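The exercises below work through a two-chain structure, each with a solution given in steps. Try each task on the structure before reading its solution.

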Amino acid sequence: MATLHLVNKPAAWEGCHPLLDAQDAVLLIEDGVYLAQQALSGATFYALEPDIRARGLSQRIHTNIRPASFDDFVGLVEGCQRVVTWSA
Amino acid sequence: MVISIAVHGAPYASAGSRTALRFAESALRLGHRIHRVFFYHDGVLAAAGQGVAPQDEEDLHAGWVRLGESHGVELAVCIANALKRGMLDEAERDRYEKDAATAHPAFTIVGLGQLIEAMTAADRFVTFAA
């Protein structure tokens, strides 16, 4: 994984999407997990599980997006070369 | 792994302060080191020592203080953002002759250079947006 992208709201996705590399990972957090209801392409996708649950989206997450715990979040940060935070 | 964290959002108004705190707690539990948490923009309000959280809500300020005091994590507050939002430690209270110090002593008020140092001293730098 080259870059881990953090997307914390749906509007932040527009800036992030065109710049993704196939080797990158995207972690959807906070209101960004609403994006996980659809198929996303361009990288490997994760969504923060406590934020999915808090929004009642557990049954609505697209199959190509993997749920991630906070421990997984730390593992993703460790596994990448850099973290980019997108804001809108 | 050594991690530095930046928090841009105010507690309660933004989810970022809570997400950052949970991330930091996980990282410490997994054996990583947090070099510094840098509170920037509205994030500085996490230092508010006089806040009282409702009983049915998480006390984020207390969570940060616990992280600082129990794990020796440096909680650094941007001075420019802190002063204009009324976050003063004892030294700034004296300097500006205000009535009270409002920032909890677990937090230190620092210059922007400490944000750059936090980036360069850590293996990973993670920003939590507002």
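**Exercise 1: the sheet of chain A**

Chain A holds an open sheet of five strands, ordered 4-3-2-1-5 and paired in parallel; the model is a predicted one. Task: find which strands stand at the edges of this sheet, and find how many bridges join strand 1 to strand 2 of chain A.

Solution.
- Step 1. Read the ends of the order 4-3-2-1-5. The edge strands of chain A are strand 4 (65–68) and strand 5, and each of them pairs on one side only.
- Step 2. Take the twist next: from one strand to the next it averages 25°.
- Step 3. Look at one pair inside the sheet. Strand 1 (residues 3–7) and strand 2 (residues 25–28) of chain A run parallel and are joined by four bridges.
- Step 4. Pick a residue pair in these strands: V26(A) in strand 2 of chain A stands opposite H5(A).

**Exercise 2: the sheet of chain B**

Task: state the strand order of the sheet in chain B, and explain why one side of strand 4 and of strand 5 of chain B has no neighbour in the sheet.

Solution.
- Step 1. The open sheet of chain B has five strands in the order 4-3-2-1-5, with parallel pairing.
- Step 2. Strand 4 (107–110) and strand 5 (124–128) of chain B are at the edges and have a single partner strand each, so one side of each lacks a neighbour in the sheet.
- Step 3. The average twist from one strand to the next is 25°.
- Step 4. Strand 3 (residues 74–78) of chain B pairs with strand 4 of chain B in the parallel sense, over four bridges. Within this pairing, T108(B) in strand 4 of chain B is the bridge partner of A76(B).
- Step 5. Add the helix that covers the strands. Helix 1 (residues 16–29) of chain B packs on the sheet and touches strand 1 (2–7), strand 2 (33–39) and strand 5 of chain B. The direction of helix 1 makes about 170° with that of strand 1 of chain B.

**Exercise 3: two helices within chain B**

Task: describe how helix 1 and helix 2 of chain B pack, giving the angle and the distance between their axes.

Solution.
- Step 1. Helix 1 and helix 2 (residues 60–71) of chain B pack at about 25°, and their axes are 10 Å apart.
- Step 2. Angles under 35 degrees count as roughly parallel; the two helices of chain B are therefore roughly parallel to each other.
- Step 3. The crossing of helix 1 of chain B past helix 2 of chain B is left-handed.
- Step 4. From helix 1 of chain B, S17(B), R18(B), L21(B), A24(B), E25(B) and L28(B) take part in the contact. They meet L60(B), G63(B), W64(B), L67(B) and H71(B) of helix 2 of chain B.
- Step 5. Sorted by class, this contact has six nonpolar, three polar and two charged residues.

**Exercise 4: between the chains**

Task: find how many residues of each chain are in contact with the other chain, and which element of chain A gives the largest share of its side.

Solution.
- Step 1. Twelve residues of chain A contact 17 residues of chain B.
- Step 2. On the side of chain A, helix 3 (70–79) and strand 5 (82–86) are the elements giving two or more residues. Helix 3 of chain A gives the largest share, six residues.
- Step 3. By class, this side of chain A has six nonpolar, three polar and three charged residues.
- Step 4. Helix 3 of chain A packs against helix 1 of chain B at about 75°, with axes 9 Å apart. These two helices are therefore roughly perpendicular to each other.
- Step 5. F70(A), D71(A), F73(A) and V74(A) of helix 3 of chain A make this contact with R22(B), F23(B), S26(B) and A27(B) of helix 1 of chain B.

Conventions
Residues are numbered from 1 along each chain as its sequence is written. Chains are lettered from A and ligands numbered from 1 in the order in which they are written. This is a predicted model: local features need pLDDT of at least 70, side-chain atom pairs count only at pLDDT 80 or more; totals for chains, interfaces and linings use all residues. Two strands pair if DSSP finds at least two bridges between them. Axes are lines fitted to C-alpha atoms, for helices over the stretch in contact, and angles run from 0 to 180 degrees between N-to-C directions. Two residues are in contact if their C-beta atoms, placed from the backbone, lie within 7 Å. Ala, Val, Leu, Ile, Met, Phe, Trp, Tyr, Cys and Pro count as nonpolar, Asp, Glu, Lys and Arg as charged, and the others, Gly among them, as polar. Angles under 35 degrees count as roughly parallel, over 145 as roughly antiparallel, 65 to 115 as roughly perpendicular and the rest as oblique. A crossing is left-handed if the near helix is turned anticlockwise from the far one by less than a right angle, and right-handed if clockwise.
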